[in-house]
Amino acid sequence: MEELEQGLLMQPWAWLQLAENSLLAKVFITKQGYALLVSDLQQVWHEQVDTSVVSQRAKELNKRLTAPPAAFLCHLDNLLRPLLKDAAHPSEATFSCDCVADALILRVRSELSGLPFYWNFHCILANPSLVSQHLIRPLMGMSLALQCQVRELATLLHMKDLEIQDYQESGATLIRDRLKTEPFEENSFLEQFMIELKDIPIKTGDPAYWPRTLHAASVSFYHGKLLGLAHSVGILHPQL
């Protein structure tokens, strides 16, 4: 089962779009079983099973189908993998879920070999260690990396301002006024930066996407400033 645990850790989170709501999910399926994590951003549920459980559950839910566990696992993988990679991907299955006490049942309905195929994922609340491993630690790591990059970019902007100031003190002027930039004010920029981040919708299920979203936003904002400064430097000319 260690292979399933390690494999699940390497999988990205993605949105699983359901008729009634949307869930974050990540899954790793092999011929030996599967591991699944599901979250509604308030709770996290988990299921990990081997071939014996797959075989027993398949008999209970699909009495007309006879196949080895590996065949059912392959079919589940074929249903889930495209859907989690692309939320807009047309699914060959119907998904629904029910919350019962602390458990979540994710129901799947599709066809296999021309016959109806049913599957229920029986997920229980994930333990704190699992939540930390798959959510908290990756997000904290990316957040810290983002903070370091923000500081580095702020330092670079200050250096660019000093460089432009040196050009100006040497008698250089702008040809195109529209490219003129104000000196970088880090505190006011960060305040505006946080306001901008609040308006960014989280439309993907990969929590790693959340810090990547912040990363992309910060790089975009800083890039715009740097681009303006670079253009300013590029068209500054000494007065004759």
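Select Arg 81 and Asp 77 and show their side chains: a polar contact of 2.9 Å joins them. The model you are looking at is predicted. Arg 81 belongs to helix H3. With a relative accessible area of 40%, Arg 81 is partly exposed. Now add Val 27 to the selection. Along the sequence, Val 27 and Arg 81 are 54 residues apart, yet their C-alpha atoms are 8.2 Å apart in space.

Next, colour the whole of helix H3, residues 69-85. What does H3 lie across? The helix crosses S1, S2, S3, S5, strand S6 (103-112) and strand S7 (115-125), and runs at about 140 degrees to S2.

Hide the helix and look at the strands. Seven of them form an open sheet, in the order S1-S2-S3-S4-S7-S6-S5, with antiparallel pairing. Strands of a sheet pair through backbone hydrogen bonds, either parallel or antiparallel. Which strands are at the edges? They are S1 (14-17) and S5 (94-100), and each pairs on one side only. Going from one strand to the next, the twist averages 30 degrees.

Start at the S1 edge. S1 and strand S2, residues 22-30, are joined by four bridges in the antiparallel sense. To see one position of this pairing, select Trp 15 and Leu 24, its bridge partner in S2. Then select helix H1, residues 2-10, which packs on the sheet and touches S2, strand S3 (33-39) and strand S4 (44-50). The direction of H1 makes about 135 degrees with that of S2.

Go to the other edge. S5 and S6 pair over seven bridges, again in the antiparallel sense. Select Thr 94 and Arg 109: Arg 109 is the bridge partner of Thr 94 in S6. S5 and S6 form a hairpin with two residues between them. In that turn, Ala 101 has a positive phi of about 55 degrees.

Now select Glu 47, in strand S4. Is Glu 47 buried or exposed? Its relative accessibility is 5%, so Glu 47 counts as buried. Its side chain makes a polar contact of 2.7 Å with the side chain of Tyr 34. Beyond residues up to four places away in sequence, Glu 47 touches Tyr 34, Ala 35, Leu 36, Arg 57, Phe 121, His 122 and Cys 123.

From that list, pick Cys 123. At 0% relative accessibility, Cys 123 counts as buried. How far is its sulfur from the closest cysteine sulfur? The distance is 9.8 Å, to Cys 97, which is too far for a bond. The structure holds zero disulfides. Select Cys 74 as well; with a relative accessible area of 43%, Cys 74 is partly exposed.

Turn to the nonpolar interior. The largest nonpolar core has 33 residues, and those with the most contacts inside it include Tyr 34, Phe 95, Trp 119 and Phe 121. H3 gives the most to this core, with seven residues. Select Trp 119 and display what surrounds it. Leaving aside neighbours within four places in sequence, Trp 119 is in contact with residues including Tyr 34, Val 54, Leu 61, Leu 76 and Leu 106. Another core, of 12 residues, lies apart from the largest one. For the last stop, select Trp 13, Trp 15, Leu 37 and Leu 135, which are among the residues of that other core.

Notes
Residues numbered from 1 in each chain as written. Predicted model: local features only at pLDDT ≥ 70, side-chain atom pairs only at ≥ 80, totals over all residues. Heavy atoms only, no water. Pairing = 2+ DSSP bridges. Axes fitted to C-alpha atoms, helices over the stretch in contact; angles between N-to-C directions. Contact = heavy atoms within 4.5 Å. Buried < 20%, exposed > 50% of the residue type's maximum accessible area, 1.4 Å probe, protein only. Polar contact = N/O pair within 3.5 Å; in protein donor to acceptor, adjacent residues only side chain to side chain. Disulfide = S-S within 2.5 Å. Core = buried A, V, L, I, M, F, W, Y, C linked by side-chain atoms within 4.5 Å.
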